[in-house]
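Student: I'd like to zoom in on just one piece of this protein. Could you pick a single helix and walk me through it slowly?

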Amino acid sequence: MIVAAGRGLRAGGGLAKQWRDLGGRTVLARSIAAFAGLGPLCLVLRAEEIGRHPEIEAMADLVVPGGAERAHSVRAGLEALEKHAPLRVLIHDAARPLVPRETIRAVIAALDHGAAAAPGLTVTDALWRVSDNRVAEAPSREGLVRAQTPQGFRFDAILAAHRAHDGPPAADDVAVARAAGLAVTVVPGHEDNLKITGAQDFARAERILGCDMDVRTGNGFDVHAFGPGDAVWLCGVEIPHHAGLAGHSDADVGMHALTDAIYGAMAHGDIGQHFPPSDPQWKGARSEIFLAHAADLARVEGFAVTHCDVTLICERPKIGPHAEAMRAELARIMQIEPGRVSVKATTSERLGFAGREEGIAAMATATLVKS
């Protein structure tokens, strides 16, 4: 369960922190991606935000409206999950987008031997209790740890604990669990698993991403011959022409090249491996199916498409009047900002098959960043 129902405005930027950009992806998208493949995911959002971010909601299996307090939001998610009868649940704050997989796995492993577990970091700095800007006391740091998420629980136990909790607002789910008498195992946390609270935390998170960034580049090339028809599909835009493009699908040569570039950046082959031309179900298919699949696969694997560049090689039709519409359509399909998409054209100076107007070629480059 990813809890993202807070207002999150203390970090500045005029936007709730879970929706702000962090290295090319929203904070919330990064938090969700950290748990990809670990099981069904429940996303808790503010009621008024549900439906505003379909690309984010599509990453979850269940979207639930939260409450006025964090504990209310968590309970709403637990109540919604009950019908799915899970044995265990991980509860994670959306404001911790850089949680490492080893931390998540450590919490899961601890649940094999107990009802509750959570990551914590040993306190190494001296502690002061301050009054009127003066040090009033220096309490011992022995046995103290800094709490992190995800916090993991046997599902029935934490649901019962939340239903029974009637005390003051709990700082986290460990507090609710302890109030119900549950023993909580502490596993090692990680310094990168910071909670974004203030503006300075975004700068720190950007530095962490920069130190641990995986940048991939892929190239794609495709050619389609002209055939019968009165229009061509190029980069998702239908352009009237005296001929069509021949192909098993809609023959969108630009989109095919870009799709292969994204697959190539991930070392996942090409379109033909994912959508074999021998399969009749893809006869006449819209190429946006292929591009959306490549972009979705990139997100699942933790990559963000940070930039792509498509060059169409032909004498006609003229691409310039349609380039902006093509950029917008490619961005929509990949669920990225249009400013990260480039579409341009060139001719082959009347040389070769493109110069003889026998077909159209396209080349594309895609840059993916994984953190």
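Tutor: Let's take helix H11 and then step outward from there. Keep in mind that this is a predicted model. H11 covers residues 323-334, which makes 12 residues, and at 1.5 Å a residue they should span 16 Å; the C-alpha atoms at its ends are 17 Å apart, so the two agree.

Now, which residues of H11 are buried? They are Ala323, Met326, Arg327, Glu329, Leu330, Ala331, Ile333 and Met334. As background, residues three or four places apart on an α-helix point the same way, because there are 3.6 residues a turn. And what does the covering? Among the elements over the buried residues of H11 are strands E14 (231-234), E15 (237-240), E17 (303-313) and E18 (341-346), along with helices H8 (253-265) and H10 (288-300). Right after H11 ends, glutamine 335 has a positive phi of about 60°.

Two H11 residues come up again in the largest nonpolar core, which has 47 residues: Leu330 and Met334 are among those with the most contacts inside it, together with Leu234, Leu258 and Leu312. H11 is one of the elements that each supply at least two residues of this core, and strand E19 (359-370) is another. The biggest contributor is H8, with eight residues.

Leu312 is worth a look too. Leaving aside neighbours within four places in sequence, its contacts include Met326, as well as Leu234, Val253, Ile319 and Val343. A separate core of 25 residues lies apart from this one, and Ile91, Ala118, Ile158 and Leu159 are among its members.

Conventions: Residues are numbered from 1 along each chain as its sequence is written. This is a predicted model: local features need pLDDT of at least 70, side-chain atom pairs count only at pLDDT 80 or more; totals for chains, interfaces and linings use all residues. Side-chain values use heavy atoms; hydrogens and water are left out. Helices (H or I, at least four residues) and strands (E, at least two) are DSSP runs, numbered from the N terminus. The expected span of a helix is 1.5 Å times one less than its number of residues. Buried means under 20% relative accessible area, exposed over 50%, partly exposed in between (1.4 Å probe, protein chains only). Contact means heavy atoms within 4.5 Å. A nonpolar core is a set of buried Ala, Val, Leu, Ile, Met, Phe, Trp, Tyr and Cys residues joined through side-chain atoms within 4.5 Å.
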